[in-house]
Amino acid sequence: MARDPRYDILFEPLKFGPLTLKNRFYQVPHCNGLGSGLPYSHAAMRGVKAEGGWAAVCTEILSIHPSSDSTPYPQVKLWDSDDERSLRLLTDAVHEHGAYAGAELAHGGFAVANRYTREHILSPMDIPSRRDPVQARAMDKADIREYRRWHRRAALRAKEVGFDIVYVYAADDLELLQFFLSRRRNQRTDEYGGSLENRTRLLREVIEDTKDAVGDTCAVVVRLTIDELSGPDGIVAADEGRDIVAMLAELPDAWDVKVSGWSNDSETSRFKKEGYQEPYAAYIKSVTTKPVIGTGRFTSPDTMVGQLRRGILDVIGAARPSIADPFLPRKVEEGRLEDIRECIGCNICVATYNNASPINCTQNPTIGEEYKRGWHPERYKPAGSSDAVLVVGSGPAGLECAQALGRRGYEVHLAEATRVLGGRVTRESKLHGLGEWARVRDWRVGQIEQMANVSVYRESAMTADDVIAMEIPNVVLATGSTWRRDGFGRRNHKPIPADIDARILTPDDIMDGRSVEGSVLVFDDDDYYMGGVLAETLRRRGHAVTLVTPSALVSAWTVNTLEQEKIQRQILEAGIDVVTSHNLTAVRAGEVDLACTFTGRGRTVAADNVLMVTARLPNSGLYAELADAREAGQAPGLRSLVRIGDCIAPAAIVHAVFSGRRAAEQLDEAATDILSFRTEPLATDRPAPLSGVRPVRLLAAE
Ligand SMILES: Cc1cc2nc3c(=O)[nH]c(=O)nc-3n(C[C@H](O)[C@H](O)[C@H](O)COP(=O)(O)O)c2cc1C
Ligand code: SF4
């Protein structure tokens with residue numbers, strides 16, 4: 001199909017320093033947990049994005065020196081020739097598909113802890129580290145000269161390795177250059193502190209150094225925080241944010257602007273909608289003639305066109321939309337808008353990085369698996385020796401499995417017990433703040449509807465006899481899970497004592513629309529989003545709500561998705577009583593007993609209802625019956641029987657989608673007892689001799 005002319009503007013080439021971007025789609029820097037340790041995986045992941053049509057594909061933060069070591073987070077380094085070799089894989093993979101490769105040179109200042117290299121942490125001023133019981137030391141003039149030398153050397157290395165775009169990075173509240181800019185991080189009294197002109201001095205010098213070093217062939221882009229969202233002590237868009245850009249307006253080849261810290265930049269859909277950074281970026285084009293890149297979880301080409309036409313941005317930057325759909329630009333170009341797999345704004349991609357592991361995405365189960373398993377977001381291997389598959393259950397696992405099997409070319413029968421498809425995604429997306437999560441269902445249903453070889457049967461609850469009678473050789477069960485009512489969970493490995501007349505609810509009751517009267521005590525032993533979301537949902541319906549959790553924080557795991565502080569603030573502001581570090585020990589009609597998780601000291605709290613958000617039980621009855629029937633020889637035609645998603649082990653939606661994809665990829669594959677994926681080859685044949693290790697010239701002052 002041809003591209004809709006409405007979107008032509010997105011495909012207009014753009015002069016970009018010494019380069020010309022082929023279109024306006026630009027994958028801005030993003031971490032992925034693959035790091036220098038998994039260079040083949042990293043290169044393959046970026047290569048697929050280039051194949052998907054992005055004009056530029058950038059790395060994440062690339063550490064320029066051992067004094068910026070983000071251990072335990074997987075990092076990409078540009079320290080030595082091994083790093084150059086591994087990054088060459090990446091630039092080759094990106095160039096193969098006609099995209100530019102961008103390197104985000106970075107020094108984390110006091111935001112890193114240098115746990116691996118054990119170097120001193122550096123900062124504009126003496127200040128405690130964010131994590132460890134150590135302090136950063138204030139950089140003196142010699143340190144600043146050294147830092148500029150490292151940055152220049154890294155820029156030259158990046159060019160040598162084949163990067164086309166070299167970043168000067170001053171953003172995310174994670175970067176030395178931003179710390180120099182911000183008056184709350186820089187209280188120096190020399191020419192690098194004090195006035196804005198002084199605080200901008202180092203950024204100016206580094207841009208000039210980088211232009212001088214590589215500007216003949218590479219575009220030099222500044223990534224800048226234009227608002228720290230920390231009040232007048234920090235950088236404010238309408239004030240110093242604008243002034244910094246105005247002072248340096250024509251120096252770099254392009255500006256890539258955003259807000260910080262990371263939780264404000266990578267906002268989830270629970271808190272912000274598409275285009276949320278516009279109010280901060282809106283003035284930038286009025287103070288520079290250079291191309292302006294910006295972000296805001298852009299997944300709609302109409303919104304993107306609006307940003308360009310209204311003169312907000314010249315280039316559409318995307319991190320998460322490019323993770324959820326690496327082929328977004330190609331789909332717009334080919335007029336296949338309905339095929340765009342839109343990011344749902346859940347930040348699982350961020351959570352995997354924050355947990356120091358390779359990237360996962362709820363919408364795109366292939367991200368990070370391109371090299372490891374040979375998966376591709378758009379291409380599927382052909383069907384194996386079987387013809388037909390029955391998938392029972394249309395939640396995220398069942399839908400993903402059915403669509404992937406359909407793409408492989410199998411005859412797929414998808415049976416759903418209810419009238420509506422989507423399972424838990426449909427139910428959960430009706431809860432407060434989770435509306436965009438329905439995209440998990442919508443994209444998959446949209447794909448399935450395009451495939452003549454996939455049949456969907458609604459209102460088709462299946463018994464074991466029904467399944468056997470269909471005589472389909474492969475059966476995949478995706479029958480989901482049910483929330484427990486007995487209190488068994490993460491902290492309580494036996495049921496919580498409850499009187500017979502106590503009113504106990506589960507998340508399923510709320511999602512099923514069961515009527516609730518009176519006050520509700522939400523006992524959140526799950527720690528992810530469900531307890532907090534239900535507390536808010538009930539409060540909005542007018543109930544008095546108390547949220548009790550054994551954790552020290554509300555929705556504690558959402559620290560990983562960058563949402564925790566926002567969730568706790570919103571819950572407190574909604575008038576929900578919060579009791580942290582308390583377990584639930586007994587439930588009676590109208591009241592419960594709580595115990596402090598530290599002292600065991602008890603107290604009794606009134607509550608008309610108790611909502612248990614603790615654990616789930618897999619709906620595995622159908623599987624057990626079919627497995628027994630097969631064991632007893634009563635299902636002779638049943639060649640394969642597998643369970644996927646929550647009905648094998650309840651988890652998050654991301655795990656269900658992955659599980660569905662894996663079952664689809666593995667159908668008709670011979671099982672292995674070793675590894676179902678490939679690992680990375682060793683970086684070097686043998687260790688370098690210790691005698692070759694010399695003290696690195698780190699800091700002139702040492
Ligand atoms: C998983 C993940 C990792 C990120 N890592 C970086 C990074 O290394 N450097 C950086 O400048 N920004 C990083 N970001 C921020 C993004 O570049 C981007 O500014 C932000 O996510 C907003 O864009 P989006 O709405 O298109 O995701 C990261 C974002 C995500 C989601
Ligand atoms: S994990 Fe969630 S937020 Fe991240 S890219 Fe995927 S869908 Fe978007």
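Welcome to this structure: the shell around ligand 1 is made up of eleven nonpolar, four polar and eight charged residues. Please keep in mind that you are looking at a predicted model. The notes below visit both ligands, then the largest nonpolar core, two open sheets and one residue in a helix.

**Around ligand 1**

- Ligand 1 has 23 residues around it, and those that come nearest are E60, T295, R297, A319 and R320.
- Three elements each supply at least two residues of this shell: β4, which covers 56–63, together with α10 and α12.
- Among the contributors, α12 has the largest share of the shell around ligand 1, with three residues.

**Around ligand 2**

- Ligand 2 is surrounded by 13 residues, and the closest of them are R320, C343, C346, C349 and C361.
- Two or more residues of the shell around ligand 2 come from each of α10 (320–324) and α12 (348–354).
- Here α10 gives the most, namely three residues.
- By type, the shell around ligand 2 holds eight nonpolar residues, four polar ones and one charged one.
- A handy residue to find on screen is R320, which is listed among the nearest to ligand 1 and among the closest to ligand 2.

**The largest nonpolar core**

- This core counts 193 residues, and the members that touch the most others are L105, I165, V166, C401 and V522.
- If you pick C401 and set aside residues up to four places away in sequence, you will find that C401 touches V391, V476, A478, I644, G660, A663 and A664.

**The sheet of β24, β25 and β26**

- These three strands form an open sheet in the order β24-β25-β26, with antiparallel pairing.
- At the edges are β24 (582–588) and β26 (602–606), each of which pairs on one side only.
- On average, neighbouring strands of this sheet are turned by 30° against each other, with direction ignored.
- Six bridges link β24 to β25 (residues 591–596), and the two strands pair in the antiparallel sense.
- To see this pairing residue by residue, start at N583, which stands opposite A595 in β25.

**The sheet of β7, β9 and β8**

- Another open sheet has three strands in the order β7-β9-β8, and its pairing is mixed.
- The edge strands β7 (122–123) and β8 (127–128) have a single partner strand each, so one side of each is left without a neighbour in the sheet.
- The parallel part of the mix is the pairing of β7 with β9 (residues 135–138), which runs over two bridges.
- Within that pair, L122 stands opposite R137 in β9.
- The antiparallel part is the pairing of β8 with β9, over two bridges.
- There, I127 has A136 in β9 as its bridge partner.
- With six residues between them, β8 and β9 form a hairpin.
- As general background for looking at either sheet, side chains in a regular strand alternate between the two faces of the sheet.

**A closer look at L156**

- You will find L156 in helix α3, which covers residues 141–161.
- Because L156 has 15 other C-beta atoms within 10 Å, it is partly exposed; a buried residue would need 20 or more, and an exposed one would have 12 or fewer.
- Leaving out its neighbours within four places in sequence, L156 is in contact with A213 and V214.
- From L156 to T210 there are 54 residues in sequence, while their C-alpha atoms are 8.4 Å apart in space.

Conventions. Residues numbered from 1 in each chain as written. Chains lettered and ligands numbered in written order. Predicted model: local features only at pLDDT ≥ 70, side-chain atom pairs only at ≥ 80, totals over all residues. Near = placed C-beta within 6 Å. Helix = DSSP H or I, 4+ residues; strand = E, 2+ residues; numbered from the N terminus. Nonpolar A, V, L, I, M, F, W, Y, C, P; charged D, E, K, R; others polar. Core = buried A, V, L, I, M, F, W, Y, C linked by C-beta atoms within 7 Å. Contact = placed C-beta atoms within 7 Å. Pairing = 2+ DSSP bridges. Axes fitted to C-alpha atoms, helices over the stretch in contact; angles between N-to-C directions.
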